[in-house]
Amino acid sequence: MRIKFNRTPDTVFQRGQLPESADPLYNPGCGWYHVYTFQAQPQDGSRPVEEEVWLDEACREEVLALVLVDIGAFRTGELSPEALDHISRIMDFFRKNHKQMIVRFVYDRVGKGMINEPSARQLVKKHMEQIGAVIRPYAAHILVIQGIFVGNWGEMHGSKFLDSDSLCDLLHTLYRATGGECFLAVRTPAQWRMAADNPRLPEGLKTKLALFNDGLFGSPTDLGTYAESDSEHSSHGNRSRRQELEWQEQYMGNVPNGGEALAGSDLTGYLAAAADMRKMHLSYLNSVYQPEQLEYWKNEQAAGEDCWGKLNGYEYIGRHLGYRFVVRDAEMKKGRLRITVENCGFANLCEGADCFLISMENGEETFRLELKTDPRQWKSGQIVLLETELPLKDWKKDQHLFLALERQREGGNIRFANQGAGEMLKIGSILIASSPST
């Protein structure tokens with residue numbers, strides 16, 4: 001009898017170990033931030049930007065930085081060439097230090113917006129056009145621009161430019177000035193609806209329109225962000241906290257939403273805060289303000305006996321800001337690979353990314369397949385199933401399989417929240433064995 005060997009190899013998929021990790025990921029577009037404040041007009045004999053900014057070790061670990069630039073010195077005229085050059089050098093400093101920027105330009109830093117902002121809307125628009133030309137080359141390094149320059153502390157209250165026509169005109173100007181490349185955030189859901197419902201607002205701007213909330217937990221209404229009770233008024237008015245959280249849960253999924261947590265008369269526990277942040281799809285939060293509320297979270301023990309049980313409430317919140325992708329399972333049936341991914345973060349991925357299945361042998365990449373999926377649709381709190389056929393007949397040796405997420409802008413990898421994950425995550429191995437037959 002003659003023994004023949006089958007040319008099609010038998011394959012066995014060996015699933016990797018995929019426990020969830022509670023480690024910080026430092027992924028782009030989410031996390032804690034510090035505020036860095038500058039005057040647009042450099043002082044005579046002022047130091048270089050590199051010497052103006054102090055980055056301690058805690059700041060260096062943060063992916064984000066809120067860059068606040070005071071342009072109040074130009075409330076009566078155009079920005080000077082020196083100021084524009086200084087703004088450019090500020091942007092370049094944070095780019096070189098690998099910080100993704102949350103940017104805010106303000107006329108006022110003392111709560112007197114009416115006094116410190118220009119008297120004419122046209123000058124605000126001119127400033128936007130000047131600044132837009134300067135910061136546009138750094139758009140890939142800007143997560144979001146907060147506000148439209150006006151109001152107390154640039155927070156879009158206490159200003160003469162917040163009626164519907166003025167707000168939409170300024171938003172549109174800033175959108176054009178930045179080439180439509182940046183997310184633009186307004187202060188309240190009511191302002192978002194006012195802008196989005198304006199028929200003159202371009203559709204492209206509506207997809208870039210985000211929120212920021214610097215009154216989180218400061219009072220039951222987040223210091224006036226919400227109404228005190230349920231409202232049946234027009235869509236442009238403030239609604240109750242319950243109504244606005246439900247609204248944000250529905251509409252804020254694919255834009256960055258963040259701000260500052262304040263210490264109200266009753267401090268908010270981390271679990272209650274996390275529940276609200278999940279509805280808001282919160283992506284980023286000030287890491288030092290207000291300390292009373294943040295310290296309260298730090299003194300709380302995170303619940304559960306899983307990977308979170310050894311952390312405090314502050315750490316739990318920080319790890320869940322933005323998106324957080326965990327591979328829950330991987331299996332192969334009849335040459336079809338199925339990967340289960342859960343987004344455990346408060347928010348969704350807001351920027352484009354590509355997902356790849358990669359095989360490795362002896363540390364060398366031997367195969368790469370782009371999976372047909374949009375990671376921006378891996379929704380917070382939901383599970384997605386990735387499926388693909390594998391050309392197993394072409395594989396002659398054992399292979400290790402990895403999953404990788406790569407950013408479309410600026411490149412770089414997005415890390416999965418599984419133990420042992422680096423730039424990519426090993427999900428398993430395909431073991432090859434030839435089967436004898438007669």
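This section describes the internal cavities of a predicted model and the strands β8, β9 and β10.

A search of the whole structure identified 2 cavities of 30 Å³ or more. The largest cavity has a volume of about 60 Å³. Its lining is formed by Pro-28, Gly-29, Leu-143, Pro-256, Ser-283, Tyr-323, Asn-348, Leu-349, Cys-350 and Glu-351. Classified by residue type, this lining comprises 6 nonpolar, 3 polar and 1 charged residues.

For the second largest cavity, a volume of about 40 Å³ was computed. Among the residues that line this cavity are Arg-187, Pro-189, Thr-225, Tyr-226, Gln-248 and Met-280, together with Leu-211, Phe-212, Asn-213 and Asn-257. Strand β8, which covers residues 209-216, gives the most to this lining, with 3 residues. The lining of the second largest cavity contains 5 nonpolar, 4 polar and 1 charged residues.

Strand β8 also pairs with strand β9 in the parallel sense, over 4 bridges. Within this pairing, Phe-212 has Gly-258 of β9 as its bridge partner. Phe-212 is also one of the residues lining the second largest cavity. Strand β9 (residues 257-261) is in turn joined to strand β10 (residues 282-286) by 3 bridges, and β9 and β10 run parallel. Here the bridge partner of Gly-258 is Tyr-284 in β10. Because 5 of the 5 residues of β9 are buried, this strand is largely enclosed by the rest of the structure. Finally, β9, helix α10 (residues 270-280) and β10 form a right-handed β-α-β unit.

Definitions and conventions:
Residues numbered from 1 in each chain as written. Predicted model: local features only at pLDDT ≥ 70, side-chain atom pairs only at ≥ 80, totals over all residues. Heavy atoms only, no water. 1 Å grid on protein atoms, 1.4 Å probe; cavity = no way out; pocket = protein on both sides within 12 Å on 5 of 7 lines; lining within 4 Å. Points joined across faces, edges and corners; volume = space filled by probe spheres on them. Nonpolar A, V, L, I, M, F, W, Y, C, P; charged D, E, K, R; others polar. Helix = DSSP H or I, 4+ residues; strand = E, 2+ residues; numbered from the N terminus. Buried < 20%, exposed > 50% of the residue type's maximum accessible area, 1.4 Å probe, protein only. Pairing = 2+ DSSP bridges. Right-handed = clockwise from strand over helix to strand, strands pointing away.
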